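Here are some exercises on salt bridges and sheet layout, each with a worked solution. Have a try at each task before you read on.

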Amino acid sequence: MEDKLNKNEWLVKPISLKRARELVTKLHYSKGATNTGVYTHGLFRKEKSLYESDCLGVAWWLPPTKNAANSTYSDNWRRVLALTRLAIEPSVPKNGASFLLSQSIKLIDKHMKWECLVTYADTWQEHTGAIYKATNWEYMGETKPSPVFQNTDGKMMGRKRGGKNLTKKELAELGFNEIGKFCKHKFRFLLKGWKKKKEEKEIKTLTLFNELN
C-alpha cells in the first residue's frame, strides 16, 4: 500500500446502490445496509474510474429518524442527512477515507439542499471518530446505550424495519440476537451551500422588488 494518497490521482463520484451494497457487505463491520440511499458516493483512481467494479470505497447517506435529526439540528430537522456507512478497501493509501468523506460532503453541499450532516462512531467497535475529528466535524458527546443485534455471520440489523420497530423475539426469529448495549460517539457537520442558495434567492427577490418600484 502507498504511504499517502495523492489527491490528484483520485476522484469521488456517485455509484449505484448495488455497487455500494457490495462494498459495504465486503468491507464494513455491519455487513449490510438499507435498500435506499439519498447519496452513495464511490472512491476511484482517476486512471480506473470508468467502471463501478473499480470503485474502492463508499460513503452512504440517508435521512436519520426525526428524533435523531431534531436532537442534532433543531433549526430544521428535515434538512439533516446521516452518514450511515463509510467503507474503504485496505489497498487504498493512507488518508483515503478522509479524502472520500471530504469529497462526498462537497458533492452534497453543491446541491444546496441539506443544512446539517450527522454521523456516529460505534464504541462497541472501539471507534473513537478520529476521522471525523480530522475532517472538522463537531463532537456532540455520547448517545444513550442501545442494543446491537447480529446473526451468526456477524451481520447487523437495526430494530426499525419498514416504519416498524421489531421486538427482540421478531429479530431472534430472523436470526439476529442482542450482543449487548453500547453508546456511540456523535458528530455533526454544518453545511454552507444552503446558506448561499438562500442569500442568492434574497438578492434576486430584492432586485426584482427594486425593479418594480
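**Exercise 1: a pair between two strands**

Arg-188 is buried, with a relative accessible area of 18% (buried means under 20% relative accessible area, exposed over 50%, partly exposed in between, with a 1.4 Å probe and protein chains only). This is a predicted model, where local features need pLDDT of at least 70, side-chain atom pairs count only at pLDDT 80 or more, and totals for chains, interfaces and linings use all residues. Residues are numbered from 1 along each chain as its sequence is written, and side-chain values use heavy atoms, with hydrogens and water left out.

Task: find the residue with which Arg-188 forms a salt bridge.

Solution.
- Step 1: apply the rule, a side-chain nitrogen of Lys or Arg within 4 Å of a carboxyl oxygen of Asp or Glu.
- Step 2: the partner is Glu-138, with the closest N and O atoms 2.8 Å apart.
- Step 3: place both residues. Arg-188 sits in strand 11 (residues 184-190) and Glu-138 in strand 6 (residues 138-142), so the pair links distant parts of the chain, 50 residues apart; helices (H or I, at least four residues) and strands (E, at least two) are DSSP runs, numbered from the N terminus.
- Step 4: check Glu-138, which is partly exposed at 36% relative accessibility.

**Exercise 2: partners of helix 1**

Task: work out which residues form salt bridges with Lys-18 and Lys-26.

Solution.
- Step 1: Lys-18 pairs with Glu-22, the closest N and O atoms being 2.9 Å apart. Both lie in helix 1 (residues 17-27), 4 residues apart, about one turn of the helix.
- Step 2: Lys-18 is exposed at 58%, while Glu-22 is partly exposed at 35%.
- Step 3: Lys-26 pairs with Glu-89 at 2.8 Å between the closest N and O atoms. Glu-89 lies in the loop between strand 4 (80-88) and helix 3 (96-110) and Lys-26 in helix 1, so the pair ties together parts 63 residues apart in sequence.
- Step 4: Glu-89 is buried at 12%, whereas Lys-26 is exposed at 57%.
- Step 5: for the full tally, the rule gives 7 salt bridges.

**Exercise 3: the sheet**

Task: give the strand order of the open sheet of 7 strands.

Solution.
- Step 1: count two strands as paired if DSSP finds at least two bridges between them.
- Step 2: the order is 1-2-3-4-5-11-6, with mixed pairing.
- Step 3: strand 1 (10-14) and strand 6 are the edge strands, each pairing on one side only.
- Step 4: look inside the sheet. Strand 2 (residues 39-45) and strand 3 (residues 57-62) pair in the antiparallel sense over 5 bridges, and Ala-59 in strand 3 is the bridge partner of His-41.
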